[in-house]
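Please open the structure in your viewer and keep a selection prompt at hand. The stops below follow one another, each with something to select and something to look for.

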Amino acid sequence: MSETAQGIDQQQVLHNGNYRHFISSRICSSLGFQSLAVALGWMMYDLTQNAYMLGFVGLSQFAAMAVLTFVAGPVVDRFDRRRIGFLCQIIEGLTALCIGVLILTETFSAPMILIAVAVLGGCQAFERPTMASLLPNIVSRSMLQRAVATSSSFMQTALIVGPSLGGLLYGFGERAPFLFSMVAFVIAGWNVASIRLVSAGHPKTPISLGTVFAGLSFIRGRPAILGTISLDLFAVLFGGAVALLPIFASDILAAGPIGLGLLRAAPAVGALLMSIVLARRPITRSAGRKMFLAVAVFGLATVLFALSSNIALSILALLITGAADNVSVVIRSSLVQLLTPDEMRGRVNAVNSLFIGTSNQLGEFESGMAAGLAGPVAAGVIGGVGTLAVVLVWMRLFPELRRVERLDGR
């Protein structure tokens, strides 16, 4: 594909009115959610002065998502996805409003935080597969990879800005981030409701016990999809270093809180830069092999980070992990969308969302336990080497994934 053609394709994606509504909804929802997460975590620790309660915040969110995932998939496949997204975002906005009112009346408590987080987690269990399944209904198959990469660049920006914005707003008053989040969710809901679908509708399959678990059965029968989802699951499970960043910043790099902030932002910045590159120069061949290569680079960069005692080198290593992970994300998302029929996308994306959440949450738990037993440096090295081992094993277990060539639907 020529440079001119690539530029034209990218303009077509960004000039698509439905796509602009879609991406605006995702950005506003992400900013609202990230701001809420930071504010709720801060409030929980301020109320309890108990680090374990911060763990319960994450557990409450994950538990709600895990319980509702298999219900969400069939719902997303049966009902209008725009209405589901709108309803989720309005409930999230109302949750933020309720928290603000409780703060104003001085009736807020730790159990209420856990309830609020569980409600947000339940909404995310529906919203994430809904938005992922909606994208192929508003862009053509040939434009899907570029649309995913462009969406990823905006989402990475939101992941960088959202937590910082939440902390900044909290400094102006504890109600400020909740007011902002409410407005952000309302704008997100308006945008998703404004989308006009361009693809044909799909048959409405009745919800039953069989349809609830149909996503798992579908994935199990498609080695390329199973391989890409499980590769990401185990790579992040073993290679995630985010949970150890406070230890590295304090005890190894002597970087202080400012250094910790730079370390936390580095993977997202690397992912943002790579998503911009992929939006302009999409992967046109050897997609499967490039995914394996990207995950291997992720593992090597994790080892480099673990062994580094220099803040600049550590930031560079984390930038590389973010960039490599973004290559994997774009390939995985494109493959899942292209290889899944529209009537199954909700259930498949719900399982995919659960796998991603599981890898992040359990990866942090695994890293923490390993660091407690062997120390942070050894834990990081073991995690990176474990990621490389997963790549080698998965190349043997899923040759179909290794042979995947194109991501443009042709």
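The tour begins with the aromatic rings of this predicted model, where a search of the whole structure finds 2 aromatic pairs. Select Trp394 and Phe398, whose rings form a tilted pair with 6.1 Å from centre to centre and 40° between the planes. Trp394 is buried, and Phe398 is buried as well.

For another ring, select Arg78 together with Phe79: Arg78 lies over the face of Phe79, at 5.8 Å from the ring centre.

Before going further, show the whole protein as a cartoon, in which the secondary structure comes to 17 helices and 0 strands. Of its 410 residues, 52% count as buried, and a surface view would display an accessible area of about 17900 Å², with 69% of it belonging to carbon and sulfur atoms. If you draw a contact map and keep the contacts with a separation of 6 or more, residues 24 or more positions apart account for 88% of them.

Now turn to the interior. Which residues touch the most other members of the largest nonpolar core? Select Tyr19, Phe22, Leu135, Val139 and Leu231, which hold that place among the 39 residues of this core. At least two core residues come from each of helix 2 (17–48), helix 5 (110–134), helix 6 (144–172), helix 10 (223–239), helix 12 (256–280), helix 13 (287–307), helix 14 (311–338) and helix 16 (376–397). Helix 13 is worth colouring separately, since with 6 residues it gives the most to this core. Apart from this core lies another one, of 19 residues, and you can select Ala96, Ala110, Tyr170 and Phe178 as some of its members.

Return to Leu231 and display its surroundings, leaving out the neighbours within four places in sequence: Leu231 is then in contact with Met291, Phe292, Val295, Val390, Val391 and Trp394.

From there, move to Phe292, which has its place in helix 13. Is Phe292 buried or exposed? With a relative accessibility of 3%, Phe292 counts as buried, because the cut-off for that class is under 20%. When residues up to four places away in sequence are not counted, Phe292 touches Leu231, Val391, Trp394, Met395, Phe398, Leu401 and Arg402, so that both rings of the tilted pair visited at the start, Trp394 and Phe398, come back into view. A distance monitor between the C-alpha atoms of Phe292 and Val327, which are 35 residues apart along the chain, should read 9.9 Å.

The next selection is Ala266, found in helix 12 and buried, with a relative accessible area of 3%. Beyond the residues up to four places away in sequence, Ala266 touches Ile315, Leu318 and Leu319. Ile320 may be added to this view as a second distance check, for Ala266 and Ile320 are 54 residues apart in sequence and 8.6 Å apart in space, C-alpha to C-alpha.

The last stop is Gln124 in helix 5. This residue is buried too, its relative accessible area being 6%. Which residues is Gln124 in contact with, once its neighbours within four places in sequence are left aside? Select Phe33, Met65, Glu92 and Pro129 to see them around Gln124.

Key:
Residues numbered from 1 in each chain as written. Predicted model: local features only at pLDDT ≥ 70, side-chain atom pairs only at ≥ 80, totals over all residues. Heavy atoms only, no water. Phe/Tyr/Trp six-rings, centres within 6.5 Å; stacked < 30°, edge-to-face > 60°. Buried < 20%, exposed > 50% of the residue type's maximum accessible area, 1.4 Å probe, protein only. Lys NZ or Arg CZ within 6 Å of the ring centre and 35° of its normal. Core = buried A, V, L, I, M, F, W, Y, C linked by side-chain atoms within 4.5 Å. Helix = DSSP H or I, 4+ residues; strand = E, 2+ residues; numbered from the N terminus. Contact = heavy atoms within 4.5 Å. Areas by Shrake-Rupley, 256 points an atom, 1.4 Å probe, with all protein chains shown as cover.
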